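Biologist: I'd like to go through this model with you and ask how each label was earned. Could you take me through the reasoning as we go?

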Amino acid sequence: MRLVVLSVCAGCVICRQSDDDPALFGEKVTLKEPKLSVHYFCLLTACGVHQGGEEHEGVFGFLVKDIYKEVRRSNRLVCSVCKKKGACVGCNVTSCRKKAHYPCGRKLNFISQFTESFPSYCPDHSPSQTACVSADLSLPQSCSVCLDSIEPVLGYSILKCPSCHHSWFHRDCVQRQAHSAGLFFFRCTLCSNKEDFQQEMLRMGIYIPERDASWELETNAYSDLLEVYEHCDASTCLCNDGRTHSYKSGWFEVIRCRLCGSTGTHRKCSGLKVNATDWACSGCTQATDGRASLATTPQGRQRKSQLSKRQLTPISSKSRLLSGGSPEQILQALGPQLRPLSVTLEVEGDQALSAGLELVRKPDFDPTHTLSVRFKDSLQTTFPSSLQDSEMAKEHFLKLLVQQIQDSEVFEGPEGSKNLVLDSKALRDDLYFDAGCLLALSLVHGSPVGFFSRALFQCLFNYPPNQPLSVKHMTPYTHFTCQVSRIADAETLDDVKDVMEESWEFMELAGCNRPISSLQEREALVEDLVSFMMITRLQLPLQRFREGLQTLGVFDQVQLFPAVFLSVLCDTAVRLTAQTVDQIFTVNFSEQEKRLSREKAVVPFWRDFLQDCEGSEDLPVSVLLPPPSISFLHPPAQSSRIRKRKAGLFPQSKPASKHLLLPISSSYQAFKSSMEQLFDGESDEEETVSETEDNVEEDSDYEASSSDDNETPEQMLLLSLKHKQTLSKTCKVIMVPLLS
């Protein structure tokens, strides 16, 4: 059975009318065997026929036998409009008896919904719309589709958008728009709302075909875009085949102006070399004051270098790393890319950034080469022996490089929390790409970065995901940050308006110079301003910085595991509190019940002592890893023989094993006193030592501190506590020796 769509054919077998407008009645389909013509909308809205087959069977799934069955059924029903038989469309309200042919129903203002069970409704029961327009706004006077004038009264012929309420249109116009745009492009012509708009149009009887837009389905619809200008515009054309002829190569190949592209010439006709490709027309030459080499400015040459760098294929994260791990493990997975072939980098003085930029801007730069660094001073003499070792020189160079990148013109903000800054010269020099490339190299070669702000990390890697930025993420103390902060901190609406009026140029630049009628709208305004300053304004710097970080696949790895790299790229210093320090240490208790009870009593003393000394400074998390541990010093058993032992019950540390020993005390005051007295030199207390074998065994568990004159780490700790220094300084004194 063959299905053919004809533009001119017999009348529809259901409605018996020959109207053929696909937008209003659906496609008219004709079957040659048996001879049958039918409107698609008549099939969809007919009450007694359903799709009984597959899409390729019958007419879009409506079987021929079912169609004829519906024809016989409708022959008994009279149309309410034309009074002829064959009325197959009935009102979906069971108590209503109105029926009509589908084309007649349109004239009677029947609404058929092309969704679910395809119900139809007569004018008495059909859905309707309300204006929902405030009194101070005028009603639209023209159709937003055809732009012809309309009578601003909603009804069957006039519909409106449910979202913006300003887009009103003729029913036939929006139906033709839906027929042309299809499901994927049909939306409000004014506000571009799609979801709500389509739902409302379906409710009001607009058919939306489930296909692509008609302009996307045309054969060679965009072929004109593939055409290029091929015409010789020289004053005298020397080509025997004419100005429009162009060979594939040679003297008579038409080459186009590299500046405008809309003028051409044969090479022979303009006196060019046989292999010339760089040519500018006279109009462009005059417009550039005779400097037609504008296309090959230093910036252009730099862009070529960028392209060569961008072509460096980043490592595939799947091939190198199948699962997460520590940052060191992930970066080590990138290491196999580095080849034994090394490139020697000579650094003059401390100019690490200049040397790095010179390296990555070389046309033959290859990031997979290992680095060999040599420092020289202004007299071209090698630096002292401390930097002659290759690894030490490279480590020193990378440390200088990261610091100088942090201090360069592409970053702003406090130390250790930098944001990108918009700098026109840095954009021209493509310094954002180079900085990203050098930082990626530094990470792979083992040098930490750790100066990104949380906001910059979020802008680059969207982590934490989909979290809006706020004023606190902006660079502090800048002019724009102060303006946004004033708006955010304004207590009244009048204060907000005053600040906006003072900063109207900034508001215009950000596209936020809009009236504010409430403090709630102020919050959205602040969010838009922050987004403009941190994201929109920095789109190009962020893009080039990301592309630079793609070197050796670093960006891809960070994007795969952002939580892992957060502490590597950002300053993760945290405020040390008593609770934080307490959680850092692991407490090791004895197995003997007698000792266990004493040790558990000392733990609250330790926590109270930390609480008394709590400060507010920061300590990098890296200092706290791996976690140290705590155990306890028990006093020796009593003996008849007494001798002195210096520092016997004072806290002790074992840096090699990252271990801190706390004395057993009966009260908090005794615990605190034992820790403070260590630094007063008043450790003359009497200690008893048993001469029995049992006492010797217990004494073997007890470790006395050395009696030399040098201060031990625990002495430094307790001295700082005694003088009421902050907890963070105290922890640095004790934990750095413990963890080194």
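Modeller: Happily; what follows is a talk about a predicted model, taken label by label.

Biologist: Let's begin with the whole chain. What does its secondary structure come to, and how much of the chain is buried?

Modeller: The secondary structure comes to 29 helices and 23 strands. Of the 740 residues in the chain, 44% are buried. Among contacts between residues at least 6 apart in sequence, 63% join residues at least 24 apart. The accessible surface of the chain is about 39,700 Å², and 50% of that belongs to carbon and sulfur atoms.

Biologist: Now a single residue. Why is Gln129 called buried?

Modeller: Buried means under 20% relative accessible area. Gln129 has a relative accessible area of 14%, so Gln129 is buried.

Biologist: Where is Gln129 placed, and which residues does Gln129 touch?

Modeller: Gln129 sits in the loop between strand 7 (120-121) and strand 8 (158-160). Leaving aside residues up to four places away in sequence, Gln129 touches Leu154, Ile158, Leu159, Lys160, Glu200, Met201, Arg203 and Met204. Take Leu159 from that list: Gln129 and Leu159 are 30 residues apart along the chain, and their C-alpha atoms are separated by 7.5 Å.

Biologist: What makes a group of residues a nonpolar core?

Modeller: The residues must be buried, belong to a set of nonpolar types such as Leu, Ile and Phe, and be joined through side-chain atoms within 4.5 Å. The largest such core has 81 residues, and those with the most contacts inside it are Phe397, Ile405, Leu439, Phe452, Ile487, Leu529 and Phe545. Helix 15 (residues 431-444) gives the most to this core, with 11 residues.

Biologist: Which residues does Ile405 touch?

Modeller: Not counting residues up to four places away in sequence, Ile405 touches Leu353, Phe411, Ala435, Leu438, Leu439 and Phe451. A second, separate core has 35 residues, including Leu24, Val38, Tyr40 and Ile67.

Biologist: Ile487 came up in the largest core. Which residues of helix 17 are buried, and what covers them?

Modeller: In helix 17 (residues 479-489), the buried residues are Thr481, Gln483, Val484, Ser485 and Ile487. Their cover includes helix 18 (493-502), helix 19 (504-510) and helix 20 (519-534).

Biologist: On to the empty spaces. What makes a space a cavity, and what makes one a pocket?

Modeller: In a cavity a 1.4 Å probe fits but cannot get out, whereas a pocket is open. Searching the whole structure gives seven cavities of 30 Å³ or more. The largest cavity has a volume of about 110 Å³. Its lining has 16 residues, and Tyr102, Arg106, Phe110, Tyr156 and Gly205 are the closest to its centre.

Biologist: Which element gives the largest share of the lining of the largest cavity, and how do its residues divide by class?

Modeller: Helix 4 gives the largest share, three residues. By class, the lining of the largest cavity divides into 10 nonpolar, four polar and two charged residues. Gly counts as polar, so Gly205 belongs with the polar residues of that lining.

Biologist: And what lines the second largest pocket?

Modeller: The second largest pocket holds about 550 Å³ of space. Of its 22 lining residues, Tyr40, Tyr207, Ile208, Pro209 and Glu210 lie nearest its centre. Helix 2 (40-45), helix 5 (171-185) and helix 6 (195-203) each supply at least two residues of this lining. Its classes are 12 nonpolar, six polar and four charged residues. Tyr40 also belongs to the second core.

Notes:
Residues numbered from 1 in each chain as written. Predicted model: local features only at pLDDT ≥ 70, side-chain atom pairs only at ≥ 80, totals over all residues. Heavy atoms only, no water. Buried < 20%, exposed > 50% of the residue type's maximum accessible area, 1.4 Å probe, protein only. Helix = DSSP H or I, 4+ residues; strand = E, 2+ residues; numbered from the N terminus. Contact = heavy atoms within 4.5 Å. 1 Å grid on protein atoms, 1.4 Å probe; cavity = no way out; pocket = protein on both sides within 12 Å on 5 of 7 lines; lining within 4 Å. Points joined across faces, edges and corners; volume = space filled by probe spheres on them. Areas by Shrake-Rupley, 256 points an atom, 1.4 Å probe, with all protein chains shown as cover.
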